[in-house]
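Me: I have a protein structure open and would like to go through some side-chain details. Can you help?

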Amino acid sequence: MSKFDPYNHLNISHDPATDSLTRPATTSTTPTNTDPTPGDPVVSKDVTLNPETRTWARIFRPTKLPSNDNTVARLPIIIYFHHGGWILLSAADAAAHTNCSQITSEVPAIIVSVNYRLAPETRLPAQHHDALDAIHWVRTQAQDPKGENWIRDYADVSRCYLYGCGCGGNIVFFSGLKAYQLQLEPLKICGIIMNQPMFGGVQRTNSELRFATDQLIPLPVLDLMWDLALPKSTDRNHRYCNPMADEVHRDLIKRLGRCLVIGFGGDPMIDRQQEFVTMLVACGVRVDARFDDLGFHNVDFVDSRRAAAVLNIVKEFII
């Protein structure tokens with residue numbers, strides 16, 4: 001693959017002088033739906049999280065709210081982080097919007113989908129900081145009489161879950177490590193969901209070599225994503241990329257609550273994900289690992305049957 005150009009594969013270009021990307025302008029996005037028509041199962045709206053970092057979130061709420069004794073029952077809240085390899089997409093991405101809508105309707109739950117900062121313009125650990133900002137924001141809204149009403153009136157922040165896809169899975173792991181050290185009451189993180197989490201390392205795994213020419217994320221593309229996301233002058237054995245290579249945070253990992261890890265056998269990162277689960281179990285973490293031998297990275301975003309299977313797994317974990 002010596003002639004393979006990962007920039008062309010992703011339809012991006014990099015300006016080294018400013019360490020910034022020119023991204024495709026054709027990415028499919030979905031607008032919010034604040035004024036539903038009859039039959040719409042979900043409403044959504046965008047809110048500002050941190051004006052200084054220009055981060056925002058898309059909130060999703062079921063149109064039909066469950067009730068107990070004629071009062072609205074509070075719903076679990078999911079803080080969600082989209083995929084995109086650190087460098088692409090947003091909370092408005094069509095696939096992320098659809099995924100959040102389905103989870104919101106089927107669980108049911110309130111979802112706060114975080115539009116974190118992208119690399120390389122903002123490198124790690126900024127995305128982990130954005131996640132903590134979002135967690136604190138949700139906690140504040142729940143307690144503030146003038147806070148965001150969908151959270152204040154409908155969410156049960158004592159049943160909060162972190163959910164991340166791809167690089168989002170990496171974000172919820174590291175932000176979860178930090179969050180479990182903080183005093184967040186009444187917010188309580190009851191579980192961390194990592195759907196095909198993005199991890200890497202310097203030493204190649206069997207699955208990386210076996211799927212080096214994967215159509216979606218061939219090995220040079222994975223390497224490029226890490227090159228653009230990691231702090232400068234570091235390599236893929238940095239803990240943000242390869243938590244298995246860093247013993248320092250093992251004591252913190254022991255504090256994690258329940259974790260759900262989902263993976264597919266055709267994903268170049270499947271060996272990393274399985275090694276990650278082994279590390280969690282060795283640290284005493286309660287892990288529900290769901291690995292399917294069939295399927296590829298992000299298969300659940302293009303195959304409705306796989307999407308339904310993943311959704312059922314998530315529902316079981318939350319309920």
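Reply: What follows covers cysteines, aromatic rings, empty space and unusual backbone spots.

Me: What kind of model is this, and how are the residues numbered?
Reply: This is a predicted model, where local features need pLDDT of at least 70, side-chain atom pairs count only at pLDDT 80 or more, and totals for chains, interfaces and linings use all residues. Residues are numbered from 1 along each chain as its sequence is written, and side-chain values use heavy atoms, with hydrogens and water left out.

Me: OK. How many disulfides does the structure hold?
Reply: The structure holds 0 disulfides (a disulfide is a pair of cysteine sulfur atoms within 2.5 Å).

Me: Which cysteine sulfur is nearest to Cys167?
Reply: That of Cys165, 9.2 Å away; Cys167 is in no disulfide.

Me: Is Cys167 buried or exposed?
Reply: Cys167 is buried, with a relative accessible area of 1%. Buried means under 20% relative accessible area, exposed over 50%, and partly exposed in between, using a 1.4 Å probe and protein chains only.

Me: And why no bond for Cys283?
Reply: Because its sulfur is 11 Å from the closest cysteine sulfur, in Cys259, which is too far for a bond. Cys283 is also buried, at 10% relative accessible area.

Me: New topic. How many aromatic pairs are there?
Reply: A search of the whole structure finds 9 aromatic pairs. Rings of Phe, Tyr and Trp (its six-membered ring) pair if their centres lie within 6.5 Å; planes under 30 degrees apart count as stacked, over 60 as edge-to-face and the rest as tilted. One of the pairs is Tyr161 with Phe317, which is edge-to-face, with 6.1 Å centre to centre and 70° between the planes.

Me: Where in the chain are Tyr161 and Phe317?
Reply: Tyr161 is in strand β9 (residues 155–165) and Phe317 in helix α10 (residues 304–318), so the pair links distant parts of the chain, 156 residues apart. Helices (H or I, at least four residues) and strands (E, at least two) are DSSP runs, numbered from the N terminus. Tyr161 is buried at 5% relative accessible area, and Phe317 is buried at 3%.

Me: What sits over the ring of Phe317?
Reply: The charged end of Arg258, 4.0 Å from the ring centre. A charge sits over a ring if NZ of Lys or CZ of Arg is within 6 Å of the ring centre and within 35 degrees of the ring normal. The charged end of Arg61 sits over the ring of Trp150, 4.9 Å from its centre.

Me: Which rings are linked into a cluster?
Reply: Ring pairs link Phe173, Phe174, Phe199, Tyr240 and Phe276.

Me: Back to the backbone, then. Which peptide bond before Pro125 is cis?
Reply: The one from Leu124 to Pro125, with omega near 10°. Pro125 is in the loop between β8 (110–115) and α3 (126–143).

Me: What about Glu185 and Pro186?
Reply: A cis peptide bond joins them, with omega about 10°. Pro186 lies in the loop between α5 (167–179) and β10 (189–195).

Me: What is phi of Asp19?
Reply: Near 50°, a positive value in a residue other than glycine. Asp19 is in the loop between β1 (13–15) and β2 (20–22), and counts as buried at 10% relative accessibility.

Me: And Leu89, where is that?
Reply: Leu89 is in the loop between β7 (75–81) and α2 (94–106). Its phi is near 75°, again positive in a residue other than glycine, and at 25% relative accessibility Leu89 counts as partly exposed.
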